[in-house]
Amino acid sequence: MPKGGKKGSHKGRVRQYTSPEEIDAQIKAEKEKAQDEEFGEGGAAGDPTKEKKEPNSDDSDEDDDEDYQAKRKGVEGLIDIENPNRLPQSSKKVTNIDLERPKELSRREREEIEKQKAKERYMKMHLAGKTDQAKADLARLAIIRKQREEAAKKKEEEKKLKDTTATSTKGIQSMSLN
């Protein structure tokens, strides 16, 4: 037997379940308690001893401030901090949605549109010959055209030379045959 006596585990014990009647009774009790709190805070509905406060009275504002200050403890009373990252929960109704208002684009969509516009501007400048790359391409094209013209002239001269030599050799052959 281990030191310190027998230590039992929870696995062999009998489990106790809550009956559905008990659960229903607990739920009803919670609902009644919540309703009592609502009537107590909202100005006693059937209790004539409590006074109803007017919403326009200055006393109600001061009481709210005092309750608020009493709830805050320690340094919280000195520093008033609100989380800027916390957005208040607000649900929009379908009738309040403005469809005519322009849709706000996300950052990625804005960047994609800007990228497309920049590409279009560059292509217009490129076709006009105003970009560095277009100028380099036009210079290279001019050099290639010159080389092709020179090659065409050379071929023409060689062809003429060949024709003249071919006619002269034909003339010699025709003389030898006579």
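**Exercise 1.** Classify D36 as buried or exposed, then place D36 in its helix and its surface patch.

*Solution.* Step 1: D36 has a relative accessible area of 54%, so D36 is exposed; the classes are buried under 20%, exposed over 50% and partly exposed in between, with a 1.4 Å probe and protein chains only. This is a predicted model, in which local features need pLDDT of at least 70 and side-chain atom pairs count only at pLDDT 80 or more, while totals for chains, interfaces and linings use all residues. Residues are numbered from 1 along each chain as its sequence is written, and side-chain values use heavy atoms, with hydrogens and water left out.

Step 2: D36 lies in helix α1, residues 20-41 (helices are DSSP runs of H or I with at least four residues, strands runs of E with at least two, numbered from the N terminus).

Step 3: E32, D36, E37 and E38 together make up a negative surface patch. Patch residues have over 30% relative accessible area and no salt bridge, and like charges are joined within 9 Å.

**Exercise 2.** Work out which residues pair in the salt bridges of the structure, and how far apart the partners sit in their helices.

*Solution.* Step 1: There are two salt bridges in the structure, each defined as a side-chain nitrogen of Lys or Arg within 4 Å of a carboxyl oxygen of Asp or Glu.

Step 2: R107 pairs with E111, with 3.2 Å between the closest N and O atoms. The two are four residues apart in helix α3, and therefore about one helical turn separates them. E111 is partly exposed at 40% relative accessible area, and R107 is partly exposed at 49%.

Step 3: R140 pairs with D137, the closest N and O atoms lying 2.5 Å apart. These residues are three apart in helix α4 (residues 132-177), again about one helical turn. D137 is partly exposed at 28%, as is R140 at 48%.

Step 4: An α-helix has 3.6 residues a turn, so residues three or four places apart point the same way.

**Exercise 3.** Check the span of helix α3 against the expected value, and state what follows the helix.

*Solution.* Step 1: Helix α3 covers residues 107-128, which is 22 residues. The expected span is 1.5 Å times one less than the number of residues, so 32 Å is expected here.

Step 2: The end C-alpha atoms are 32 Å apart, which agrees.

Step 3: G129, just after α3, has a positive phi of about 85°.

**Exercise 4.** Summarise the secondary structure and burial of the protein chain.

*Solution.* Step 1: The protein chain has four helices and zero strands, in the order α-α-α-α along the sequence.

Step 2: Buried residues make up 4% of the 178 in the protein chain.

Terms used: Patch = residues over 30% accessible without salt bridge, like charges linked within 9 Å, V, L, I, M, F, W, Y side chains within 5 Å. Areas by Shrake-Rupley, 256 points an atom, 1.4 Å probe, with all protein chains shown as cover. Lys, Arg positive; Asp, Glu negative; His and termini not counted. Charge placed at Lys NZ, Arg CZ, Asp CG, Glu CD.
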